[in-house]
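Colleague: Could you take me closely through one part of this model, the strand that is most enclosed by its surroundings, and set it in the context of the chain and the sheet around it? I would like one connected account rather than a list.

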Amino acid sequence: MAREFRLRKSPWSPEGEAETGQVLDRRQFIRYSFNRAAGGITAISLGAIGFASLLMGESGGGGGDSAIRFWVPKGSEDSVWYGDLHLETMTESGFKEEAGRSTTGMSGASGVWSGLPVNVVYIPHEENKNLPPMQNKPRIQFMDGVDQTGAVIGYGGDMEEDPVYAALKVSNNLLVIFGRCPHLCCIPGWQLIENNFTADNWEPGGLDSGGNKLFCICHSSRYDPTVVEKNTNRNRASGTVFQYFGIKRTGGPTPVGMPLIPFTVNNDVIEVVDFKAEGIEAMLDWYTYCD
Ligand code: FES
């Protein structure tokens, strides 16, 4: 029997009102969210100027090319908190406000930056980082990344220490995560559907338990956006193996997690930093593994 997915109900829906919890089967969901998004994104990102050059957003414009914009998958306009903000710029204050309405103090949204899919997640790290690990008090957790043989690749906390990765340092309680699933390159999302992995709750430890995972609808891969690790991935076209700092895979067929994108908050607008100005062009390798 075909699996069905229920789009999340709008937080403003009266209790018991069912129509916003629209039910889609997997094929419909992929058509609504992935194919439409990926089709548009692919058309943009593989244009004449090429994938890598599109990564060169220019920071400082307060809503220019470097700005991250909301992406509302078709069919979920009434079920996500940013349903009427399609292609509007993302702001720190918007995420904070939404986080204040949640159980965990977290919020997240799908977005697009320079034609590429991203997810932005707000985690109340500053407020909770000195508390003992406890349920529904999320903070960013730095852990070791391991390959498929179990060998440790590196420690996520190194990105806070190594000046090469200064642009990735945790700031503003936000993370920007590249939105292509390392399994087969679908676009995972934040709470677009209802299941245990997307519920508004949180467990410490980077395990598959607890909700608030980034969930890939295609084959149910899960990622914990509160766990930062160092790991490796392989570019599908060139075969190059590269290291990255990213969020942790917690379950499903994906071999590893997804990389972080360096960002800044400029007059409240969330922007990707200018890779060239920061001298971190090498980071471009991280975002082409699906090419
Ligand atoms: S493409 Fe994401 S789980 Fe398969």
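Modeller: In this predicted model, the secondary structure of the chain comes to six helices and 15 strands. Of the 291 residues, 43% are buried, and among contacts with a separation of 6 or more, 65% join residues 24 or more positions apart.

The part to look at closely is β5, which covers residues 116-122. Seven of its seven residues are buried, so β5 is largely enclosed by the rest of the structure. The covering applies to both faces of the strand: L116, V118, V120 and Y122 are buried on one side, while P117, N119 and V121 are buried on the other.

Within the sheet, β5 has a place in an open arrangement of four strands with the order β3-β4-β5-β9 and antiparallel pairing. The edges are taken by β3 (69-70) and β9, each with a single partner strand, so one side of each is left without a neighbour in the sheet. Helix α3, residues 92-99, packs on this sheet and touches β4, β5 and β9, and the direction of the helix makes about 55 degrees with that of β5.

On one flank, β5 runs antiparallel to β4, and seven bridges join the two strands. Along this pairing, A109 has V120 as its bridge partner in β5, and V112 is likewise bridged to P117. The two strands form a hairpin with two residues between them, and in the turn S114 has a positive phi of about 50 degrees. On the other flank, five bridges join β5 to β9, again in an antiparallel sense, and here V121 stands opposite L175 of β9.

The strand also contributes to the largest nonpolar core, which has 58 residues and in which I68, V118, V120, V121, V176, I177 and I261 have the most contacts. Elements giving two or more residues to this core include β4, β5 and β9, and also β11 (214-216), β12 (221-234), β13 (241-251) and β15 (269-272). A useful residue to follow outward from β5 is I261, which touches V118, V176, I177, F178 and V272 when residues up to four places away in sequence are not counted.

The contact with V272 leads to β15, where V269 and E271 point one way and I270 and V272 the other, all of them buried. Four bridges join β15 to β14 (residues 263-266), and these strands run antiparallel, with F263 standing opposite V272. They too form a hairpin with two residues between the strands, in which N267 takes a positive phi near 50 degrees.

Two further backbone positions deserve a careful check. Q191, in the loop between β10 (189-190) and β11, has a phi near 55 degrees, a positive value in a residue other than glycine; this residue is buried, with 27 other C-beta atoms within 10 Å. S220, in the loop between β11 and β12, is not a glycine either, yet has a positive phi of about 65 degrees. Unlike Q191, which is buried, S220 is partly exposed, with 16 other C-beta atoms within 10 Å.

How values were computed. Residues numbered from 1 in each chain as written. Predicted model: local features only at pLDDT ≥ 70, side-chain atom pairs only at ≥ 80, totals over all residues. Core = buried A, V, L, I, M, F, W, Y, C linked by C-beta atoms within 7 Å. Buried ≥ 20, exposed ≤ 12 C-beta atoms within 10 Å, placed from the backbone. Contact = placed C-beta atoms within 7 Å. Pairing = 2+ DSSP bridges. Axes fitted to C-alpha atoms, helices over the stretch in contact; angles between N-to-C directions.
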